[in-house]
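Hi,

Here is the structure I promised to send over. Have a look at it first, and then read on for what turned up when I went through it.

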Amino acid sequence: MGGPMVPVTGPAHEPDRRPPAGGGGLRTARWGAVDEAGRAEGALGATAPGTPDAHRPAVIDCLVTRHHGLPRDRMGHRLNTSGRSLVLDAVTTVYGVGLTAADLTRDAHKRWSVPALGAAASVAHCDDFSAVALSTGPHVGIDLQDERHRPAAMRWLGEVLGRGEPAAIRDFAECEALIKASHVTKETFAGVRLPAWRPGWRPTNLPSYHVCSATLVPDRPDLHLALAAGEPAPVRWWRQSPRRQAALPLEPA
């Protein structure tokens, strides 16, 4: 689906089934609309994004992009667009604002922010997909993980989470998102607990921090996207799939 992205909105709680104009489009949903299998479906009413201001409600915009034709290095490893460039591209796509790398900052916990817009940001890559979360409220973290055989890592994470069984890939993604959103690190993560999975935001035992996760790409049910935030906030979904890669800086996957 190429072409420009345009807002697709509908009345609250009523999915909008109109096809996106130009072959691309905005898919929006609150996490309450995630189905029992954890897939984001339909489009719920949400004001079309614009430049944040002091009176706007807190909202998290999540842009998922499938990148076609990513180059590879001499060893055959895929090169991804740099995180900084993806954040800047998402700001332009979602807010319609053109910024430069000088407009982005990172704090002591390596969390991205866009001070001029009063927004926090987080970015993730997996395979040929990227995801960027832009928050006009709480700190936010995002992660993408695909299903693959990682028995040792899943056993280790299950132990860290205090479980008697290996963790799932979904847990792995939520933990990574929580690390990106908060002050905890891989070294200080022991003691953090994730609640049992269900659609929607779920509180962790890390004060005020919540997580949620879903599978968002119809033809990639193995791809899990997780969000973590300092407090629950409505989420608006954007998807784009440019057929040509922009001339953005690349970095190893």
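**What I found**

The second largest cavity holds about 40 Å³ of space. Bear in mind that this is a predicted model. The count of cavities of 30 Å³ or more comes to two. Around the second largest cavity you will find Val64, Leu144, Leu216, Val217, Leu223 and Leu225. By class that lining is six nonpolar residues, with no polar and no charged ones.

**The chain as a whole**

The protein chain has three helices and 13 strands. It runs to 253 residues, of which 50% count as buried. If you take the contacts between residues at least 6 apart in sequence, 59% of them join residues at least 24 apart.

**Around β2 and β7**

Let me start with β2, residues 60-66. Six of its seven residues are buried, so β2 is largely enclosed by the rest of the structure. Which strands does β2 join, and in what sense do they run? With β7 (residues 129-135) there are seven bridges, and the two strands run antiparallel. With β12 (residues 235-240) there are six bridges, and here the strands run parallel.

Leu63 is a handy residue to click on, as it can be followed to both partners: it stands opposite Val132 in β7 and opposite Trp238 in β12. Elsewhere in the pairing with β7, Thr65 stands opposite Ser130.

As for β7, seven of its seven residues are buried. Both of its faces are covered: one side has Phe129, Ala131, Ala133 and Ser135, the other has Ser130, Val132 and Leu134, and all of these are buried. β7 also pairs with β6 (residues 119-126), in the antiparallel sense and over seven bridges. Val132 turns up again in this pairing, where Val123 stands opposite it. The hairpin of β6 and β7 has two residues between the strands, and Asp127 takes a positive phi near 55° there.

Just ahead of β2, in the loop between β1 (25-26) and β2, sits Val59. Is Val59 buried or exposed? At 10% relative accessibility it counts as buried. Leaving aside residues up to four places away in sequence, Val59 touches Leu134, Ser135, Thr136, Gly137, Pro234 and Arg236. Of these, Pro234 is 175 residues away along the chain, yet the C-alpha atoms of Val59 and Pro234 are separated by 5.1 Å.

**The four-stranded sheet**

Next, an open sheet of four strands, in the order β8-β11-β10-β9, with antiparallel pairing. Which strands stand at the edges? They are β8 (140-146) and β9 (202-203); each has a single partner strand, so one side of each is left without a neighbour in the sheet. Helix α3 (residues 169-181) packs on this sheet and touches β8, β9, β10 and β11 (223-229). The direction of α3 makes about 150° with that of β8.

At the β9 edge, the pairing with β10 (residues 210-215) is antiparallel and runs over two bridges. Pro203 stands opposite His210 in β10.

The sheet also brings us back to the cavity: its lining includes Leu144, Leu223 and Leu225, and the residue ranges place Leu144 in β8 and both Leu223 and Leu225 in β11. Val64, also in the lining, belongs to β2.

**Two more backbone angles to look at**

If you run a Ramachandran check, look at Lys110 and Ser208. Lys110 has a positive phi of about 65° although it is not a glycine. It lies in the loop between β4 (105-106) and β5 (112-114). Lys110 is exposed, with a relative accessible area of 62%.

Ser208 is not a glycine either, and its positive phi is about 75°. Its place is in the loop between β9 and β10. How accessible is Ser208, and what does it count as? The value is 46% relative accessibility, and Ser208 counts as partly exposed.

That is what I have for now. Shout if anything is unclear.

Cheers

Definitions and conventions
Residues are numbered from 1 along each chain as its sequence is written. This is a predicted model: local features need pLDDT of at least 70, side-chain atom pairs count only at pLDDT 80 or more; totals for chains, interfaces and linings use all residues. Side-chain values use heavy atoms; hydrogens and water are left out. Two strands pair if DSSP finds at least two bridges between them. Contact means heavy atoms within 4.5 Å. Axes are lines fitted to C-alpha atoms, for helices over the stretch in contact, and angles run from 0 to 180 degrees between N-to-C directions. On a 1 Å grid over the protein atoms alone, a cavity is a set of points where a 1.4 Å probe fits but cannot get out, and a pocket is an open set with protein on both sides within 12 Å along at least five of seven lines; lining residues have an atom within 4 Å of a point. Grid points are joined across faces, edges and corners, and a volume is the space filled by probe spheres set on the points. Ala, Val, Leu, Ile, Met, Phe, Trp, Tyr, Cys and Pro count as nonpolar, Asp, Glu, Lys and Arg as charged, and the others, Gly among them, as polar. Buried means under 20% relative accessible area, exposed over 50%, partly exposed in between (1.4 Å probe, protein chains only).
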